[in-house]
Amino acid sequence: HKALIALRLQRQESRENQVEFIHNDEKQRVVVYSRGNHIVIIAHFSPDETADYEIANFPSDGKWVDYLTKEEYQVENKKFKTTVKPFDARVLLLQQ
């Protein structure tokens, strides 16, 4: 929790920008929303793991880093592809 509180204090867009839902998959139980073009939160509410899960309409192409795990992802053509793990959440930050 401390890391998430620190992120909120460090990043102005996490406090000011409106939440924009960019993906809602009721079947796979995945919700994705953004705070501006530089922060994306992915939440998976299922006990099942899904490989090669694709999220279209990502806010920006480029290198994204998971704030908590430091995993790096490359987004091209506004499509994000990953494995969604059971009951997992990610906080992705666009690297400038």
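This passage describes the sheet, the central strands, one cavity and one buried residue of a predicted model.

The strands considered here belong to an open sheet of six, arranged in the order β1-β2-β3-β8-β5-β6 with antiparallel pairing. The edges of this sheet are formed by β1 (19-25) and β6 (72-75); each has a single partner strand, so one side of each is left without a neighbour in the sheet. On average, and with direction ignored, neighbouring strands of the sheet are turned by 25 degrees against each other. In general, the strands of a sheet are paired through backbone hydrogen bonds, in either a parallel or an antiparallel manner.

Within this order, strand β3 (residues 39-44) lies between β2 and β8. Strand β2 (residues 30-35) is joined to β3 by six bridges, and the two run antiparallel. Two of the facing positions illustrate this pairing: Y33 stands opposite I41 in β3, and V32 stands opposite I42 in β3. The two strands form a hairpin in which three residues separate β2 from β3. The turn of this hairpin contains G36, whose phi is positive, at about 75 degrees.

Strand β3 is also antiparallel to β8, to which it is joined by five bridges. Here I39 stands opposite L93 in β8, while the bridge partner of I41 in β8 is V91. I41 thus appears in both pairings, facing Y33 and V91. With regard to solvent exposure, β3 is mostly covered, as six of its six residues are buried. The covering extends to both faces of the strand: I39, I41 and A43 are buried on one side, and V40, I42 and H44 are buried on the other.

A similar question arises for strand β8 (residues 89-94): how many of its six residues are buried? The number is five, so β8 is largely enclosed by the rest of the structure. A residue is counted as buried when its relative accessible area is under 20%. In addition to its pairing with β3, strand β8 is joined to strand β5 (residues 62-66) by three bridges, and these two strands also run antiparallel. In this pairing, W64 stands opposite L94 in β8.

A search of the whole structure finds one cavity of 30 Å³ or more, and the volume of the largest cavity is about 30 Å³. The lining of this cavity is made up of I42, H44, V84, K85, D88, A89 and R90. Strands β3 and β8 each supply at least two of these lining residues. By character, the lining divides into three nonpolar residues, one polar residue and three charged residues. Of the lining residues, I42 and H44 also belong to one of the two covered faces of β3.

At the edge of the sheet, strand β6 includes V75. Is V75 buried or exposed? With a relative accessibility of 1%, V75 counts as buried. V75 and K63 are 12 residues apart in sequence, yet their C-alpha atoms are 6.4 Å apart in space. When neighbours within four places in sequence are left aside, V75 is in contact with F58, S60, D61, G62, W64 and F80. One of these contacts, W64, is the residue that stands opposite L94 in β8.

Methods. Residues are numbered from 1 along each chain as its sequence is written. This is a predicted model: local features need pLDDT of at least 70, side-chain atom pairs count only at pLDDT 80 or more; totals for chains, interfaces and linings use all residues. Side-chain values use heavy atoms; hydrogens and water are left out. Buried means under 20% relative accessible area, exposed over 50%, partly exposed in between (1.4 Å probe, protein chains only). Helices (H or I, at least four residues) and strands (E, at least two) are DSSP runs, numbered from the N terminus. Two strands pair if DSSP finds at least two bridges between them. On a 1 Å grid over the protein atoms alone, a cavity is a set of points where a 1.4 Å probe fits but cannot get out, and a pocket is an open set with protein on both sides within 12 Å along at least five of seven lines; lining residues have an atom within 4 Å of a point. Grid points are joined across faces, edges and corners, and a volume is the space filled by probe spheres set on the points. Ala, Val, Leu, Ile, Met, Phe, Trp, Tyr, Cys and Pro count as nonpolar, Asp, Glu, Lys and Arg as charged, and the others, Gly among them, as polar. Axes are lines fitted to C-alpha atoms, for helices over the stretch in contact, and angles run from 0 to 180 degrees between N-to-C directions. Contact means heavy atoms within 4.5 Å.
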